[in-house]
Amino acid sequence: MKVCSESSFTTERLKVSKVCYKHAIKQEAGLLPRIVELLRPAVVEALPPYFQHINNEKDALRWLNTVCSESQLFAVSFKDQALPIGFLFVHEQSKSTVHIGYLLGEAYWRQGIASELLSGFIDWAKQQTPYHCLVAGLDGDNQASKRLLLKLGFGLQATSDANTQIYHYNFPS
């Protein structure tokens with residue numbers, strides 16, 4: 001996958017690379033079908049409407065365009081594989097505060113990958129970015145993500161409605 005190397009990091013098992021939209025749609029024949037494979041209903045059920053119903057490459061291209069226009073998109077893959085197993089989303093609210101989100105294909109759940117991904121991102125962001133605060137919103141029923149965020153040092157800040165919980169991670173000064 002063509003990536004923006006200045007915005008990449010690795011962990012023990014993972015390679016996390018910023019997706020360059022223009023390069024991705026021109027040079028990555030396997031990316032759009034992979035997006036269709038990953039964005040299955042169980043994976044995206046609590047995500048915004050534009051994540052829903054990604055059933056073909058045309059839908060995947062529309063999704064990719066929307067995501068890349070709203071945030072930085074990072075592809076998450078195993079170090080020895082080219083195709084992503086998930087994605088990390090980073091939306092800058094300000095120079096110091098960013099909203100983050102992630103998703104993994106269902107086949108990659110319950111393997112410690114999300115923990116490794118977010119831990120790696122926090123370490124990378126501390127060293128490579130001006131971020132002071134990470135904000136993550138999640139569906140209140142998503143117990144696995146809730147436990148993960150708390151384990152990594154995020155704190156519950158608010159609930160924006162009956163179903164959404166907002167967590168903050170403040171970088172130590």
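# A first look at this protein

Of the 173 residues in this protein, 46% count as buried. What you have in front of you is a predicted model, so treat every value below as computed from that model. The fold is a mix of 6 helices and 8 strands. Here's a quick tour, topic by topic.

**Overall build**

- If you walk along the sequence, the elements come in the order β-β-α-α-α-α-β-β-β-α-β-α-β-β.
- The radius of gyration is 15 Å, which agrees with the value near 16 Å that a compact globule of 173 residues would have.
- Along its principal axes, the C-alpha trace stretches over about 40 × 35 × 30 Å.
- Contacts between residues far apart in sequence play a big part in the count: of the contacts with a separation of 6 or more, 56% are between residues 24 or more positions apart.

**Strands β4, β5 and β6**

- Start with β4 (residues 86–92) and β5, which run antiparallel and are joined by 7 bridges.
- Getting from β4 to β5 takes a hairpin with 4 residues in between.
- Which residue of β5 is the bridge partner of Val-90? That's Ile-100.
- β5 also pairs with β6, but here the two strands run parallel, with 4 bridges between them.
- Ile-100 turns up again in this pairing, standing opposite Ala-136 in β6.
- To get from β5 to β6 the chain passes through α5, and this β-α-β crossover is right-handed.
- As background for looking at any of these strands, side chains in a regular strand alternate between the two faces of the sheet.

**Helix α6 and its two sides**

- Helix α6 covers residues 143–151, and its buried residues are Ser-145, Lys-146, Leu-148 and Leu-149.
- Seen down the axis of α6, those buried residues fall within an arc of 165°, so they line one face of the helix.
- Turn to the face pointing away from that buried side and you'll find the exposed residues Arg-147 and Lys-151.
- What covers the buried residues of α6? The cover includes β5 (97–104), α5 (113–128), β6 (133–139) and β8 (164–170).
- Just past the end of α6, Gly-153 takes a positive phi of about 100°.

**Helix α2, mostly under cover**

- In α2 (residues 31–38), 6 of the 8 residues are buried, so this helix is mostly covered.
- The buried ones are Leu-31, Leu-32, Arg-34, Ile-35, Val-36 and Leu-38.

**Glu-116, a buried acid in α5**

- Glu-116 sits in helix α5, the helix that the chain passes through between β5 and β6.
- Is Glu-116 buried or exposed? Its relative accessibility is 14%, so Glu-116 counts as buried, the cut-off being under 20%.
- Leaving aside residues up to four places away in sequence, Glu-116 touches Thr-11, Glu-12, Arg-13 and Leu-14.
- One of these neighbours, Arg-13, makes a side-chain to side-chain polar contact with Glu-116 at 2.6 Å.
- Glu-12 comes in through its backbone: the nitrogen lies 3.3 Å from a polar atom of the Glu-116 side chain.

**Exposed residues in the loops**

- The loop between α3 (41–44) and α4 (57–70) holds Glu-45, which is exposed with a relative accessible area of 65%.
- Glu-45 and Asp-139 are 94 residues apart in sequence, yet their C-alpha atoms are 9.8 Å apart in space.
- His-53 is also found in the loop between α3 and α4, and at 64% relative accessibility His-53 counts as exposed.
- The phi of His-53 is near 60°, a positive value in a residue other than glycine.
- Over in the loop between β5 and α5 you'll find Arg-110, exposed with a relative accessible area of 79%.
- Arg-110 likewise has a positive phi near 60° without being a glycine.
- For context on those angles, most residues other than glycine have a negative phi.

Terms used
Residues numbered from 1 in each chain as written. Predicted model: local features only at pLDDT ≥ 70, side-chain atom pairs only at ≥ 80, totals over all residues. Heavy atoms only, no water. Buried < 20%, exposed > 50% of the residue type's maximum accessible area, 1.4 Å probe, protein only. Arc of directions from axis to C-beta. Contact = heavy atoms within 4.5 Å. Pairing = 2+ DSSP bridges. Right-handed = clockwise from strand over helix to strand, strands pointing away. Polar contact = N/O pair within 3.5 Å; in protein donor to acceptor, adjacent residues only side chain to side chain. Rg over C-alpha atoms; globule rule 2.2 N^0.38 Å.
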